[in-house]
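Subject: Structure for your files

Hello,

Here is the structure that I said I would pass on. My notes on it follow below.

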Amino acid sequence: MANDRMTSMERVLTAIGHREPDRIPQMLFLSLYGARECGLTPREYFSDPVLVAQTQLAMREKYSNDVLYPFLYAAVETEAWGGDVLWSEDGPPNAGEPVLRGAEDIRRLTVPDVARQERLQHVLTMIRLMKAAVGTSVPIIGVVVSPFSLPIMQMGFEPYLKLLLTEPDLFGRLMETNAAFCTRWANAQLDAGATAICWFDPLASPTIIDRKTWLRTGYPVAKQTMPHIRGPVAMHLASGRTLPVLEDIVSLKAAVLGISEADDLPAIKERAAGRVCLLGNLNAIDMVNWTPEQAEEKVKALIRGAGRGGGFILSDQHGEIPWQVPSETLLAVAEANRKWGTYPLDWLRGCDDA
């Protein structure tokens, strides 16, 4: 982009390497937002992978983004298992009725064939088109829902938690099948040209379940599955708190960790320094009501808390910019990042002296 001294890929890799690039990388996750930009319903927009890829490329330029994001919607994965999708006019599609209703459904479960799933193939088409357009100059971030969190959509939240806590054999069978799908789906995206995989795992956060339970259930699944993904992995807890499980996530060798607004930013930056790059943590729900001046102050505060020394990427905390966020606010975020996030961060010395 104009006046940048680094490509987006160079900028992101430098930050992940815990060094200071030309400016703080910016990754606003604009999946659904593309439908708004095109004046289409989400259902119309997501049905055309060529349009989605073209819109991603255009939004990257418009909003000074350092990433391309070939994510459609989370329920694309339950579609692969035979599930339905509930569509909204101005919100993300959601999973419909559970595809797993009992023990026998889990015992009979077989891994979907990625090559036979239309929506998954749409994603791969988008990745190939993006890769052809940018080569290695811009990161393309593929997405998988973790084997541990996917059953929330496959079964429903309460039935899954009951199974997780009381049916270890069925839980193990479900994790085995989901892990095989997760690995195939992640590697298919990497083979198509994705740079890295974002591993969405909201159930891993102590916002939802306690750390002891996660270490007994979801953590071993991640530990066993991630090494089979043939590329870098970023772990995202989808706005859930991360600080209490930071050491565990570091042990999984994730290159990047999506952090929550609820996390103590200076504390987590201090503990993560040199070990895992932080991604976050603008509250995109609050962003709906921000003025450009408020957007600037929010960005400035994040840079003050985590910008020194690299190891930080500016983003939202959940992985989705809502439809209702004004375009002017996203432009203000990008402008504030250029103003306050260009290295060296000399203005922070004045803050230290104050």
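Gly258 in strand S7 has Leu279 as its bridge partner in S8. S7 (residues 256-258) and S8 (residues 277-282) are joined by three bridges and run parallel; strands count as paired if DSSP finds at least two bridges between them. Strands and helices are DSSP runs, numbered from the N terminus, with E over at least two residues for a strand and H or I over at least four for a helix. Between S7 and S8 the chain passes through helix H14 (residues 265-272), and this β-α-β crossover is right-handed. Right-handed means that, with the strands pointing away from the viewer, the path from the first strand over the helix to the second runs clockwise.

Before the rest, the ground rules. This is a predicted model, in which local features need pLDDT of at least 70 and side-chain atom pairs count only at pLDDT 80 or more, while totals for chains, interfaces and linings use all residues. Residues are numbered from 1 along each chain as its sequence is written, and side-chain values use heavy atoms, with hydrogens and water left out.

More on the strands

S8 is mostly covered, with six of its six residues buried; buried means under 20% relative accessible area, exposed over 50%, and partly exposed in between (1.4 Å probe, protein chains only). S8 also pairs in parallel with strand S9 (residues 312-316), over five bridges, and there Asn281 stands opposite Ser315. Helix H15 (residues 292-306) completes a right-handed β-α-β unit with S8 and S9.

S6 (residues 233-236) is covered on both faces: Val233 and Met235 are buried on one side, Ala234 and His236 on the other. Strand S5 (residues 196-200) runs parallel to S6 and is joined to it by four bridges, with Trp199 opposite Met235. S6 also pairs with S7 in the parallel sense, over three bridges, and here Met235 stands opposite Leu257. The link from S6 to S7 goes through helix H13 (residues 246-251), in a right-handed β-α-β crossover.

Backbone points to check

Most residues other than glycine have a negative phi, and most peptide bonds are trans. The bond between Gly280 and Asn281 is cis, with omega about -20°, and Asn281 sits in strand S8. A cis bond also joins Tyr343 to Pro344, with omega near -5°; Pro344 is in the loop between helix H16 (327-340) and helix H17 (347-353).

Two residues other than glycine to look at for positive phi are Ala238, near 55°, and Ser239, near 80°. Ala238 is in the loop between S6 and H13, and so is Ser239. Ala238 is buried at 11% relative accessibility, whereas Ser239 is partly exposed at 30%.

Pockets and cavity

On a 1 Å grid over the protein atoms alone, a cavity is a set of points where a 1.4 Å probe fits but cannot get out; a pocket is an open set with protein on both sides within 12 Å along at least five of seven lines, and lining residues have an atom within 4 Å of a point. Points are joined across faces, edges and corners, and a volume is the space filled by probe spheres set on them.

The largest pocket has a volume of about 650 Å³. It is lined by 27 residues, and Ala74, Met153, Pro202, Ala238 and His318 are the closest to its centre. By class the lining has 18 nonpolar, eight polar and one charged residues, where Ala, Val, Leu, Ile, Met, Phe, Trp, Tyr, Cys and Pro count as nonpolar, Asp, Glu, Lys and Arg as charged, and the others, Gly among them, as polar.

The second largest pocket holds about 250 Å³. Of its 19 lining residues, Val12, Ile16, Ile141, Ala196 and Val256 lie nearest the centre. Helix H1 (8-16), S5 and S6 each give two or more residues to this lining, and H1 supplies the largest share, four. The lining has 18 nonpolar, one polar and no charged residues.

There is one cavity of 30 Å³ or more, with about 60 Å³ of space. Its lining includes Pro70, Phe71, Trp185 and Gln189.

Cysteines

With a disulfide taken as a pair of cysteine sulfur atoms within 2.5 Å, the count is zero. Cys182 is buried at 1% relative accessibility, and its sulfur is 11 Å from the closest cysteine sulfur, in Cys198, too far for a bond.

Regards
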